[in-house]
Amino acid sequence: MRKFLIVALLLLIVVAPVSAFSPRGSNLSASVTAIAWSDGTELSVAIANTSNTRTSVTVSTPTVDSRGRQVFSNTRVDVPGRTIVEETFRPAEPRRNEQLVVRIT
């Protein structure tokens, strides 16, 4: 319950100022909002669906580790209408001098 409240508050804080602009190259529909944060070794992604219908999104990354593999595998997430879904990943260590990038499509 505590995590849910934190995620809800983060969404309220982040979504209000961000809703003023639309990022270039966005593959998400207008009814889906997502944020990602790292907490030590865990990567959390919160996906909010504001429409009344179910939406499917894919969480992936182009970031690779030292062996050339993605730091976490692609995951398809079904988000029911008017809900927030949180997915947690334990990514591998990225290649040296490479930032962890999360792609949601």
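These exercises work through the fold, core, surface and salt bridges of a predicted model.

The model is predicted: local features need pLDDT of at least 70, side-chain atom pairs count only at pLDDT 80 or more, and totals for chains, interfaces and linings use all residues. Residues are numbered from 1 along each chain as its sequence is written, and side-chain values use heavy atoms, with hydrogens and water left out.

**Exercise 1. Confidence**

Task: Find where pLDDT stays under 50, and state what the model has there in contacts beyond four places in sequence.

Solution:
- pLDDT is the predictor's confidence in each residue, from 0 to 100.
- Start with the chain: its average pLDDT is 83, and 79% of the residues score at least 70.
- The stretch is residues 17-25.
- Contact means heavy atoms within 4.5 Å. Beyond four places in sequence, residues 17-25 have 0 contacts.
- Where pLDDT is low, the predicted coordinates should not be read in detail.

**Exercise 2. Fold**

Task: Write the pattern of helices and strands along the sequence.

Solution:
- Helices (H or I, at least four residues) and strands (E, at least two) are DSSP runs, numbered from the N terminus.
- The protein chain has 1 helix and 6 strands.
- Their order reads α-β-β-β-β-β-β.
- Now take the contacts between residues at least 6 apart in sequence: 59% of them join residues at least 24 apart.

**Exercise 3. Core**

Task: Which residues have the most contacts inside the largest nonpolar core, and which strand gives the most to this core?

Solution:
- Buried means under 20% relative accessible area, exposed over 50%, partly exposed in between (1.4 Å probe, protein chains only). Of the 105 residues in the protein chain, 27% are buried.
- A nonpolar core is a set of buried Ala, Val, Leu, Ile, Met, Phe, Trp, Tyr and Cys residues joined through side-chain atoms within 4.5 Å.
- The largest such core has 13 residues, and Ile47, Val57, Val59 and Val77 have the most contacts inside it.
- Strands E2, E3 (55-60), E4 (75-79) and E5 each supply at least two of its residues.
- E2 gives the most, with 3 residues.
- Check valine 59: beyond four places in sequence, its contacts include Val45, Ile47, Phe72, Val77, Phe89 and Ile104.

**Exercise 4. Salt bridges**

Task: How many salt bridges does the structure hold? Classify the partners by exposure.

Solution:
- A salt bridge is a side-chain nitrogen of Lys or Arg within 4 Å of a carboxyl oxygen of Asp or Glu. The structure holds 2.
- One joins arginine 90 to glutamate 42, with the closest N and O atoms 3.0 Å apart.
- Arginine 90 lies in the loop between E5 (83-89) and E6 (103-104), and glutamate 42 in E2 (residues 42-49), so the pair ties together parts 48 residues apart in sequence.
- Arginine 90 is exposed at 61%; glutamate 42 is partly exposed at 21%.
- Arginine 69 pairs with aspartate 65, the closest N and O atoms being 3.9 Å apart.
- Arginine 69 is partly exposed at 47%, whereas aspartate 65 is buried at 9%.

**Exercise 5. Serine 31**

Task: Is serine 31 buried or exposed? Locate it and list what it touches.

Solution:
- Serine 31 sits in the loop between H1 and strand E1 (32-39).
- With 17% relative accessibility, serine 31 is buried.
- Leaving out residues up to four places away in sequence, serine 31 touches Ala48, Asn49, Thr50 and Ser51.
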